[in-house]
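Dear colleague,

Please find below the structure that I am handing over to you. My findings follow it.

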Amino acid sequence: MLKDEKILFPLVGCDSRKAVLEGFHQAGLQPKVHLEVPYDSLLSYTAAGYGITFIPSIQAQNMTQKGVVFKDIKNNPIRRKIYLLARSQSILELIGQHIL
């Protein structure tokens, strides 16, 4: 069961970490945090057998890692906050009128 798995988390402050923890709490589960590692080390630690981890789908679609199996999560309750970036405020205001 998921509640018994050793889970690898990115270091405190990472949006992905916050989203995964929120998903656990919404499901009424307390994750077993095994290790906290820099975000870019999660795949290596998973491949080495230290535990399981969660990464954003956009990254999983473009990644491969020997020793790691990727699995889509059905009925995923986790949502990430995203930001709109541009080179100037005027561009943000123009785009923002159409999508925000």
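In what sense do E1 and E2 pair, and over how many bridges? In this predicted model, the two strands E1 and E2 run in the parallel sense, paired over 5 bridges. Between them the chain passes from E1 through H1 to E2, a β-α-β crossover that is right-handed. Strand E1 (residues 6-10) is largely enclosed by the rest of the structure, because 4 of its 5 residues are buried.

One residue of strand E2 deserves separate mention. Glu 36 is the bridge partner of Phe 9, and Glu 36 also forms a salt bridge with Arg 17, with the closest N and O atoms 2.7 Å apart. Since Glu 36 lies in strand E2 (residues 32-37) and Arg 17 in helix H1, this pair ties together parts that are 19 residues apart in sequence. The two partners are not alike in accessibility: Glu 36 is partly exposed, at a relative accessible area of 41%, whereas Arg 17 is buried, at 11%. The count of salt bridges comes to 1. In general, side chains of opposite charge can pair when their charged atoms come close.

I also examined the pockets. The largest pocket holds about 800 Å³ of space. It is lined by 25 residues, of which Thr 53, Phe 54, Ile 55, Lys 71 and Ile 73 are the closest to its centre. Helix H1 (15-26), helix H2 (42-47) and helix H3 (57-60) are the elements that each give two or more residues to this lining. By class, the lining of the largest pocket comprises 14 nonpolar, 6 polar and 5 charged residues.

Yours sincerely

Methods
Residues numbered from 1 in each chain as written. Predicted model: local features only at pLDDT ≥ 70, side-chain atom pairs only at ≥ 80, totals over all residues. Heavy atoms only, no water. 1 Å grid on protein atoms, 1.4 Å probe; cavity = no way out; pocket = protein on both sides within 12 Å on 5 of 7 lines; lining within 4 Å. Points joined across faces, edges and corners; volume = space filled by probe spheres on them. Nonpolar A, V, L, I, M, F, W, Y, C, P; charged D, E, K, R; others polar. Salt bridge = Lys/Arg side-chain N within 4 Å of Asp/Glu carboxyl O. Buried < 20%, exposed > 50% of the residue type's maximum accessible area, 1.4 Å probe, protein only. Pairing = 2+ DSSP bridges. Right-handed = clockwise from strand over helix to strand, strands pointing away.
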